[in-house]
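Colleague: I should like to go through this model with you, one question at a time. Please give the reasoning first and the answer last.

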Amino acid sequence: MLSYLFKRILSAIPTLLIAYTLVFFIAHATPGSPWDSGGNRPMEPSVKAVLDAKYNLDKPLHVQYASYLWNALHGDLGPSYRDRSQSVNDIVARFLPVSLKLGAAAMLFAILLGLALGALAALTRHPAVDGLIRMLSTLGISMPTYVVTSILIVSLGVGLGLVPTFGWKGLFTTSSIVPVFSLALAPLAAVTRCFRTSMLEVMNLDFVRTARAKGLKPLSIIIHHMGRNALIPAVTVAGSYMTYVLVGSFFVESIAGIPGFGRYFVLAIAARDYPVIIGTTLIYAVFVVVINLVVDLLYFVLDPRTRLERAS
Amino acid sequence: MLKSHVFKTFAAAALIATALSGPALAGADKGVFRMIVGEPRYMDPNLATDFAIYVNAQLFQPLARTDTDGNLVLLQAKSIELAPDGRTWKVALNPDYKWSNGEPITAQDWVYSWKRILDPKVGSEAASFLSDVENAMDYNKGTITDPEKVGIRATGDLTFEVVTALPAPQFRAKLALPYLTPVPQKVVEEFGEKWVLPEHMLSNGPYKLVSRVNDQSIVMEANPHYGGKKPAIPRIEMTIASGDQCTAQLRAYEADEIDFTTCVPSQDIARIRKDPVLSKELDPFPLAATEWVQYDMTQAPWNDKRVRHALALVIDRQPIVTATSDGTNRIAATIIPDSIPGGNSADALKGTVADAKKLLAEAGFPDGKGFPQFTISTTATRERPLIAQLLQQMWADNLGIQANINVLEANAFRAWVQTRKTEKYDLMINGWWSDYADPANWFGDLITADVRQNHFSNDAFAEIVKKGDAETDPAKRAEVFRAANKILEEEQPMTALQNPTDLWMVKPDVEGLAHEGVLNMYHIGEAAFK
């Protein structure tokens, strides 16, 4: 198990290096400069030269590539060009927790409700209930987040006045309702569908019939026997949504005015704020690697067969 | 078993209901002015020239303001006099104005700030506004390194003078610019870039900075040491929006979460104008600004005046104005707006579609035959792609010529425009917003300096503009520039399309929030709740 872990971590290093290289060169190849403000008049070339020199943008690309990598490995992700009083580390410390809180709440909501609805759809004796849940889950997967967020804000915020139309006051206030629900909708729909399907598969397996024949309580059968086996595909699905939801959905954060990581990332792209772009991509890449690792490790917990395979 | 289930469900529902029934946002506390703004790139008033100036204008104040007749209304200055040589501006500060910690604002602060704008190491975008000042641009470009040579000097604790290289009547209007405000020298020198943090910042305007959370909120409170009329509104809370601020502002305004919005998304304009309540809260302001389509004057067929005239004469501007703004923008037939001295819409090209067809035939392209396919380049924002499509349609329908449209992302478009200095193009859609109310801003900064890479050069025009620059009498100046305007419109290097209109919405319980200057500034310190 430990050697497996070690091998996985080792193999993450080339992945991260490739991600860094790609984002570095793509960011620098994009036309436009960090200093082009959007004011009426273009910047004086001499002023631009001074700023380029101050931030080492006048050095050859491979020198910049190496120096940024060296600093990043020492924990310094660079200054922000867009906001000169902050560094990328400041930005990460300030905005990532908001996205993480939001994402964690959305994921928890999606998983709990998704498992419950999926089980309900699989076990119900009323085909109408199953049909309704399947229809809602199709809607949930197909509606884009920016549509859902906008509709919710206009109906709940402007129309009914139940939630603020904008801004973030904390996870346990009304301002989190719209973003959490919008972020949770797609994973909720996916988990529901997936869990329903795998529950239906497990339902007809031998050990379930045995458990029923033994006279075990229905709830106990559903949770301990069926549920645990049906969970594996659902875990994979949830895992694939986890990175997207945890590190911030740009649309939801922008439209609902959440000061989060996703919104900041795309603002940095528009502003050509290279350190922020590269730094946030690196963090995102680390998250993806870690979460994939966690999901794989979860299989050990859920499925004893994988433990045996590894052991042998 | 069932009963406890039912109880639990009821309890949960009741809890949710109480949580949701509380007010969605703190109801309007009548001492607080709430608004939504974009994140200011700089809170330092000497650095930014984009929309950050509107936020900073609540905190920092220039020497004076220009009224609609072009006269200076003094604020931080007690007097501003121009010496008989026409080049030396003598400023005496009003000692009633103090920094927000009570310390006096000295002439040294002002001199330091204006030289700081020019300092090449600071990299301020506002440096070009001081271009008239003696040695200013040389210092900014690094040709000279001694700031003492720049023509800005303190002559006493509360007096300083500014010397321009040549007599520059347009400098009067520049004295009122929001970028030429003072910063506290001691604080800036001690804390460097961190001087803008609320615990360090000192401001000379009606408000002081109480808190700022990047990309989240800015809170200001009344400056107790402000030397002018004390603000009636004690506190301002700004929430930061990114991306589409107009949509966020409108939604929050309609939900009563903010008191004021500075724009309306173009797709909502029609609905707001028809709404019986909201239409009364709409507050439009015609900007001294123009959007146009321009030709690369160094390329064929654009260097042929007949071709430019033909394209200009078939444009119907009404659909453009309707599509982009439901008619709130105004049709512009001339580049320089009427409100700028020298501009006059009577100088517009006159002619019919038939005239246009004839001109195109004379140029060698009867019915558009043989006319090369060309590209209209535009930025992706401000509804400009829509304008490009309308133009493409009008030219195809009336002249039989084929245009392609190249839409670029905003930042990439700005970079692309810069490269047009040496690279060729066909047409581009661009615009200019008046920085200050003087013909020099249009005839000089825009056209003669060719910041939009139009490559227009005309000897008669250049002669007249030079004459106008030296003319200090305002009436004669307007006359001289009018002659230049006639040449500009006859040559048609750019074809004007529309003058944008700013649309504010203000809650009915707010009074005194006026549009100020060509930049359409708002001054919350002069407003009050009824």
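Colleague: In S10 of chain B, which residue is the bridge partner of Ile36(B)?

Modeller: The model is a predicted one. Ile36(B) has its bridge partner in S10(B), and strand S1 (residues 32–38) of chain B is joined to strand S10 (residues 235–241) of chain B by seven bridges, in the parallel sense. The partner of Ile36(B) in S10(B) is Thr239(B).

Colleague: How many of the seven residues of S1(B) are buried?

Modeller: A residue counts as buried if 20 or more other C-beta atoms lie within 10 Å of its own. By that criterion strand S1 of chain B is mostly covered. The number of buried residues in S1(B) is five.

Colleague: In the open sheet with the order S4-S5-S7-S6 of chain B, which are the edge strands?

Modeller: This open sheet has four strands with antiparallel pairing, and its neighbouring strands are turned by 15° against each other on average, direction ignored. An edge strand here pairs on one side only. The edge strands are S4 (77–82) and S6 (152–154) of chain B.

Colleague: Which residue of S7(B) is the bridge partner of Ala154(B)?

Modeller: Strand S6 of chain B pairs with strand S7 (residues 159–163) of chain B over three bridges, in the antiparallel sense. Within S7(B), the bridge partner of Ala154(B) is Phe160(B).

Colleague: Which helix of chain B packs on this sheet, touching S5, S6 and S7?

Modeller: The helix in question touches strand S5 (88–93) of chain B as well as S6 and S7 of that chain. Its direction makes about 160° with that of S6(B). It is helix H3 (residues 107–118) of chain B.

Colleague: Is H15(B) parallel, antiparallel or oblique to H16(B)?

Modeller: Helix H15 (residues 439–448) and helix H16 (residues 459–470) of chain B pack at an angle of about 140°, with their axes 11 Å apart. Because roughly antiparallel requires an angle over 145 degrees, H15(B) is placed otherwise with respect to H16(B): oblique.

Colleague: Is the crossing of H15(B) and H16(B) left-handed or right-handed, and how do the residues of their contact divide by class?

Modeller: The crossing of H15(B) and H16(B) is left-handed. Phe443(B) and Gly444(B) are among the residues of H15(B) that meet H16(B), where the residues met include Val465(B) and Asp469(B). By class, the contact of H15(B) with H16(B) divides into five nonpolar, three polar and one charged.

Colleague: How does H16(B) lie relative to H17(B), roughly parallel or roughly antiparallel?

Modeller: H16(B) and helix H17 (residues 474–491) of chain B pack at an angle of about 165°, with their axes 9 Å apart. Their crossing is left-handed. Angles over 145 degrees count as roughly antiparallel, so H16(B) is to H17(B) roughly antiparallel.

Colleague: How many nonpolar residues does the contact of H16(B) with H17(B) have?

Modeller: Ile464(B) and Val465(B) are among the residues of H16(B) in this contact, and those of H17(B) include Phe481(B) and Ile487(B). One polar and two charged residues also belong to the contact of H16(B) with H17(B). The number of nonpolar residues is 10.

Colleague: Which elements give two or more residues to the side of chain A that touches chain B?

Modeller: Chain A has 13 helices and zero strands. In the contact between the chains, 42 residues of chain A meet 43 residues of chain B, and the chain A side divides into 17 nonpolar, 16 polar and nine charged residues. The elements are helix H2 (45–54), helix H6 (145–159) and helix H11 (261–270) of chain A.

Definitions and conventions
Residues are numbered from 1 along each chain as its sequence is written. Chains are lettered from A and ligands numbered from 1 in the order in which they are written. This is a predicted model: local features need pLDDT of at least 70, side-chain atom pairs count only at pLDDT 80 or more; totals for chains, interfaces and linings use all residues. Two strands pair if DSSP finds at least two bridges between them. Axes are lines fitted to C-alpha atoms, for helices over the stretch in contact, and angles run from 0 to 180 degrees between N-to-C directions. Two residues are in contact if their C-beta atoms, placed from the backbone, lie within 7 Å. A residue is buried if 20 or more other C-beta atoms lie within 10 Å of its own, exposed if 12 or fewer, and partly exposed in between; C-beta atoms are placed from the backbone. Ala, Val, Leu, Ile, Met, Phe, Trp, Tyr, Cys and Pro count as nonpolar, Asp, Glu, Lys and Arg as charged, and the others, Gly among them, as polar. Angles under 35 degrees count as roughly parallel, over 145 as roughly antiparallel, 65 to 115 as roughly perpendicular and the rest as oblique. A crossing is left-handed if the near helix is turned anticlockwise from the far one by less than a right angle, and right-handed if clockwise.
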